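This briefing introduces the structure shown below. It goes through strand pairing first, then helix packing and the nonpolar cores.

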Amino acid sequence: MKKITIAIDGHSSCGKSTMAKDLAKKVGYIYVDTGAMYRSVTLFAIREKLYDEKGNIKQDALLSRMKDIKIEFKLNKETNLPETYLNGELVEKEIRSMQVSSLVSPIAALKFVREALVCQQRRMGEEKGIVMDGRDIGTVVFPKAELKIFVTASSEVRAQRRFDELQSKGMKADYDEILKNVKERDWIDSHRDVSPLRKADDAIELDNSNMTIQEQNQWLLDKFIQATQ
């Protein structure tokens, strides 16, 4: 069976990472969560106080510190799933907080941030056998990927999923706040100047609003089998 590159794009909280992780685990591919990379840069900016008193990003300061940001994915031996490390620290829980969620889209819209992370992402996928999810994987990072998927779901469904996820991790969650954040991120991601979120012309669209996790995972596995035959 030939190795391919799989690009999964779509809106926030629509299940991209869940699908991608499951497929990578089943077929022995490497999984890269690009959203976690942008969240890690956001967490770094928060910790280093790279915001002014009005909450605006200190872009020059962040640009000068990009060289100090090292993002890695390491496999958890117990779960057999990849986890995100920022400069050697496990930050998988910290980058999923509402504070990071509310600030990540403006960070991801910065040209110099995207250029730096896209270079890293392309290096990760040079040898194929990779599943990568994000906002611009099929359009910018891997425009020649053999399998491109665009995932969507209603904003209300996505907000409920995010709410349930945070509660399951013992983190504070407010459904109305999450729904507002989901809609704001959709608008920012789709209207930014650099690599806006859009469906690639050759991507297969999946609306998983009314699908179970098992159903969407099987759907993706079927598409993978078709693409590798």
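Asp-9 has Gly-134 in strand S6 as its bridge partner. The model is a predicted one. Strand S6 covers residues 130-134, and its pairing with two other strands is a good place to begin reading.

**Strand S6 and its partners**
- Strand S1 (residues 5-10) pairs with S6 in the parallel sense, over five bridges.
- Strand S2 (residues 30-33) also runs parallel to S6, and four bridges join the two.
- Within the S2 pairing, Ile-30 has Ile-130 of S6 as its bridge partner.
- S6 is mostly covered, with five of its five residues buried.
- Ile-130, Met-132 and Gly-134 are buried on one side of S6, while Val-131 and Asp-133 are buried on the other, so both faces are covered.

**The open antiparallel sheet**
- Strands S3, S4 and S5 form an open sheet in the order S3-S4-S5, with antiparallel pairing.
- Strand S3 (71-76) and strand S5 (89-90) each have a single partner strand and stand at the edges, so one side of each is left without a neighbour in the sheet.
- Strand S4 (residues 81-86) is joined to S5 by two bridges, and these strands run antiparallel.
- Leu-86 stands opposite Glu-89 in S5.
- In general, the strands of a sheet pair through backbone hydrogen bonds, in a parallel or an antiparallel way.

**Helix H4**
- Helix H4 spans residues 98-108, and its buried residues are Met-98, Val-100, Ser-101, Val-104, Ser-105, Ile-107 and Ala-108.
- These buried residues pack against five helices: H2 (34-47), H3 (59-65), H5 (111-124), H7 (155-168) and H8 (175-191).

**Nonpolar cores**
- The largest nonpolar core has 35 residues, and those with the most contacts inside it are Val-41, Leu-62, Ile-69, Ile-107 and Val-113.
- At least two residues of this core come from each of H2, H4, H5, S6 and helix H6 (137-141).
- H2 gives the largest share of the core, eight residues.
- Val-113 is in contact with Tyr-38, Val-41, Leu-62, Met-66 and Ile-107, leaving aside its neighbours within four places in sequence.
- A second core, separate from this one, has 20 residues, among them Tyr-29, Val-151, Leu-206 and Leu-220.

How values were computed
Residues numbered from 1 in each chain as written. Predicted model: local features only at pLDDT ≥ 70, side-chain atom pairs only at ≥ 80, totals over all residues. Heavy atoms only, no water. Pairing = 2+ DSSP bridges. Buried < 20%, exposed > 50% of the residue type's maximum accessible area, 1.4 Å probe, protein only. Contact = heavy atoms within 4.5 Å. Core = buried A, V, L, I, M, F, W, Y, C linked by side-chain atoms within 4.5 Å.
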